Amino acid sequence: MNVSYKWLSDYVDLSGFTGQELAEKMTRGGIEIDVVESRNKGVSGVVVGYVVSKEKHPDADKLNVCKVDVGTGEELQIVCGAKNVDAGQQVPVAVIGAVLPGDFKIKRAKLRGVESQGMICSAKELGLNDKLLPKEQQEGILVLPSHLKAGTPIADVLDIDDEVLELDLTPNRSDCLSMLGVAYEVGALTGRKVKLPDQTVHHAAERADAHIKVSISAPEQCSHYTARYIKGVKVGQSPLWLQNKLIAAGVRPINNIVDVTNFVMLEYGQPLHAFDADRIPSGRIDVRLAKAGETLVTLDDQERKLEPHMLVITDGSEPIALAGVMGGASTEVSEETVHVLLESARFDGGTVRKTSRQLGLRSEASIRFEKEVDPARVIPALDRAAALIAELGEGLVAEGVVEASAGASAPVQVDVSLDRINGYLGTELSRLEVQTILGRLSFEFTLSDADVFTVHVPSRRGDITRAVDIIEEVARLHGYDNIPTTLIHGDVVPGSLTKPQAIRRELRKRLSDAGMHEVISYSFTGPAQTKLFPGLAGEVKPVGLAMPMSEERSVLRTTLIAQLLDTAAYNRNRKNESASLFEIGSVFHTDEDRLTRLPQEKHRFAALLTGNRVEAEWNAQAQAVDFYDAKGVLETVFAALGVAEHISYQAAQPEHFHPGRTAAVVLKDAAGETVIGYVGQLHPALQLELDLADTYVLEIALEPLYDLATSDIVYKALPRYPAMQRDIAVVVGSEVAAGKLTETAWAIAGELLESVRVFDVYTGDKLGAGKKSIAISLVYRHAERTLTDEEVTELHGRVVLQFEQSFGAELRK
């Protein structure tokens with residue numbers, strides 16, 4: 001929002017404040033001013049001149065020799081090359097000694113042998129933004145209105161001895177998107193009264209409702225629509241004072257009718273629109289939602305395809321404007337316009353925002369409607385604009401306002417006690433001081449005997465709805481610098497990580513130190529990804545987002561592996577075929593189709609290995625990752641958490657995993673055995689679909705491990721007595737897991753068994769169908785003495801016997 005210092009002074013007394021001082025006061029009061037810019041870019045000595053005559057230059061076809069009266073009684077001879085210069089014009093003249101922007105000083109000069117005693121200036125040469133001028137004045141010299149007196153300083157004519165404050169408004173302060181809103185703010189900060197503009201309308205005896213009818217067919221999108229009828233207008237150029245104000249605000253003047261609507265929009269914050277009433281033969285206005293397939297040619301001559309959620313103004317049948325966004329070309333005010341239908345309405349901000357964004361039509365009007373306009377200014381702004389059009393366009397305003405309403409806005413009333421204000425701010429303000437502040441804000445209020453203020457919030461301040469909002473207003477006007485500083489007191493407790501946080505941080509460090517790369521992916525994914533690996537997620541429903549950024553990010557993830565696969569595929573497509581990735585994050589589960597409670601957020605750890613463990617070198621071949629690399633990652637994790645003794649692995653065939661190279665991860669605790677995840681190779685069909693080489697993945701739940709995890713380190717003394725090793729190879733059925741044999745050995749040998757290691761597995765025709773050979777190395781040791789050969793033989797024999805009885809094992813010779 002650009003605010004002209006001079007224009008603002010029409011509504012509130014600014015004496016005693018420069019533009020910079022006012023900006024500082026407003027910024028300290030909570031309305032940040034980005035920059036204060038002077039409209040005068042260094043112009044001095046430039047005056048209004050009257051072109052008495054124009055003749056061709058004797059030696060240059062493109063130059064003219066002009067005689068110009070600048071009010072000194074002596075005509076100046078000025079050589080000018082502008083095509084549009086002509087006798088009888090009033091123009092800006094930089095006389096000898098004048099200075100133009102860029103410190104360009106005007107001197108006496110000769111052009112092709114003809115003396116020139118000054119310079120006739122264009123708008124750009126005066127430092128004006130020519131893009132904000134009417135189109136006919138954007139090229140050549142600046143032609144001024146004919147009523148101006150020669151010799152008048154151009155700074156007074158163009159009102160450029162002014163400063164413009166650029167407000168950087170927060171979304172809640174939409175009240176300052178108007179000059180009156182800023183005036184109320186400045187009045188509150190300075191303690192000065194606000195002067196409201198004259199809204200008196202002198203109307204004709206003819207009634208407006210004899211020409212127009214108004215109805216609302218979409219009450220949820222339009223709560224109030226008003227219109228006035230003005231006849232006999234003359235469309236033309238706006239007076240200079242109006243053009244100057246619009247240019248200072250960054251708005252290009254167009255004609256007196258449109259300029260009035262823009263002026264009042266900036267003044268009141270209420271957007272208006274003027275229709276050519278003769279182009280609405282039905283005389284009817286109906287506000288409704290667009291119909292599927294309807295189109296509208298807007299003022300920029302673009303045909304817009306309308307959708308059913310868009311609000312339109314119609315003539316009873318066809319759309320003639322996009323409500324709150326842009327008017328239609330069919331009812332545009334032009335030089336031929338005689339009768340005007342003037343609109344002022346309150347449209348739903350969400351509807352306007354959605355329409356303007358979808359069509360790419362963001363305007364000053366739509367910005368104000370998006371933030372909701374003041375319902376109390378709909379008719380005052382309409383009256384103000386009608387009065388100005390009658391004055392500047394010589395029109396007659398028909399009597400009465402034609403309106404339709406879908407319900408009035410409820411007034412806002414807020415109660416706040418003096419004790420609460422002082423308690424929040426740490427101040428000792430008296431009731432008189434708070435009363436004074438509320439009075440400066442122009443807030444009406446009542447005060448009870450218990451020092452409770454009942455504040456009747458004006459409709460222009462839609463940001464104030466709660467007691468804390470009133471307290472903030474008191475703090476702003478009291479002055480943030482005047483709020484006493486209080487030291488923080490209380491017991492200081494050192495911060496620390498919770499046990500789950502510490503575990504996740506330690507796992508990240510361990511795995512990163514081991515050379516793996518951590519992935520941090522979106523918690524959002526696509527519906528297809530939630531269907532992968534149902535064995536990990538269980539019977540859950542995807543949690544959809546209310547406003548997804550895209551279809552690929554429309555639901556909350558149910559597993560981590562799916563996004564690790566996307567990452568691996570992305571890298572493989574860019575020739576990075578070996579990857580060792582992990583992620584520690586949350587997944588979200590619910591069993592509801594429509595959420596009535598929050599989904600469960602569960603912490604998971606997942607990893608992916610693909611490509612080579614060791615790349616090929618001149619003296620060694622590449623080594624591809626396999627199942628045991630993935631299992632080794634899990635073993636590293638469980639060892640770091642101190643829970644390895646609680647973990648076992650069982651063959652499993654969950655969906656989307658390889659049926660013969662996958663294991664369930666089983667946790668044993670006091671409650672029994674629980675599958676907390678899976679480790680294995682991707683199913684070949686899924687690998688082919690994703691164009692991946694052999695890929696191994698794992699995912700486990702972390703919550704079951706949090707309680708069992710320990711950081712205690714158990715130390716064991718070095719053995720003082722020798723160990724004895726026995727190796728055995730047994731033939732068992734192919735369905736017997738090696739882990740079962742090692743578990744049995746531990747159970748039989750007890751504390752004398754120091755370690756069990758499977759060092760070979762063999763299958764072949766020699767063993768017969770459905771058979772395999774497992775070779776196991778067992779190490780025996782006593783902590784207090786040397787075992788005898790007889791003791792070890794007897795104990796080892798019991799182990800072998802148990803193998804035979806439990807698994808039908810046969811010693812292999």
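Let me start with Ser-4, which stands opposite Val-164 in strand S11. That pairing belongs to strand S1, residues 2-4, which runs antiparallel to S11, residues 163-168, over three bridges. By strand I mean a DSSP run of E of at least two residues, and by helix a run of H or I of at least four, both numbered from the N terminus, and two strands count as paired if DSSP finds at least two bridges between them. Strand S2, residues 32-38, also pairs with S11 in the antiparallel sense, over six bridges, and within that pairing Val-36 has Leu-165 as its bridge partner.

Before I go on, please keep in mind that this is a predicted model, in which local features need pLDDT of at least 70 and side-chain atom pairs count only at pLDDT 80 or more, whereas totals for chains, interfaces and linings use all residues. Residues are numbered from 1 along each chain as its sequence is written, and side-chain values use heavy atoms, with hydrogens and water left out.

Staying with the early part of the chain, strand S3, residues 44-57, runs antiparallel to strand S4, residues 60-69, and seven bridges join them. These two strands, S3 and S4, form a hairpin with two residues between them, and Val-51 stands opposite Val-68 in S4. S3 is also joined by six bridges to strand S6, residues 90-100, again antiparallel, with Ser-44 having Val-99 in S6 as its bridge partner.

Now to the cysteines. How many disulfides does the model contain? If we take a disulfide as a pair of cysteine sulfur atoms within 2.5 Å, the count comes to zero. For Cys-66, the closest cysteine sulfur is that of Cys-80, at 5.4 Å, which is too far for a bond. Cys-121 is likewise in no disulfide, and its nearest cysteine sulfur, again that of Cys-80, is 9.3 Å away. I use buried for under 20% relative accessible area and exposed for over 50%, with partly exposed in between, computed with a 1.4 Å probe on protein chains only. On that scale Cys-66 is buried at 0%, and Cys-121 is buried, also with a relative accessible area of 0%.

Moving along the chain, there is an open sheet of five strands with mixed pairing, in the order S13-S16-S19-S20-S21. Its edge strands are S13, residues 213-216, and S21, residues 326-327, each of which pairs on one side only. Inside this order, strand S16, residues 284-289, and strand S19, residues 311-314, run antiparallel and are joined by four bridges, where Leu-289 has Leu-311 as its partner in S19.

Helix H9, residues 378-392, deserves a moment. Its 15 residues reach 21 Å from the first C-alpha to the last, close to the 21 Å expected at 1.5 Å a residue, the expected span being 1.5 Å times one less than the number of residues. Why do I call H9 largely enclosed by the rest of the structure? The reason is that 12 of its 15 residues are buried, including Val-378, Asp-383, Arg-384 and Leu-392. With contact taken as heavy atoms within 4.5 Å, the buried residues of H9 pack against several elements, among them strand S14 (222-231), helix H5 (240-248) and strand S22 (340-347). Just after H9, Glu-394 takes a positive phi of about 55 degrees.

Finally, let us turn to another open sheet, of four strands with antiparallel pairing, in the order S41-S42-S40-S43. Strands S41 (753-762) and S43 (810-811) stand at the edges with a single partner strand each, so one side of each is left without a neighbour in the sheet. Strand S40, residues 724-733, pairs with S42, residues 771-780, over 10 bridges, and along it Arg-726 stands opposite Leu-778 while Val-732 stands opposite Lys-772. On its other pairing, S42 meets S41 over eight bridges, with Arg-757 opposite Ser-777. S42 is mostly covered, since nine of its 10 residues are buried.

Two helices lie across this sheet, and for their angles the axes are lines fitted to C-alpha atoms, for helices over the stretch in contact, with values from 0 to 180 degrees between N-to-C directions. Helix H19, residues 738-749, lies across S40, S41 and S42 at about 155 degrees to S41, and helix H20, residues 789-807, lies across S40, S42 and S43 at about 15 degrees to S40.
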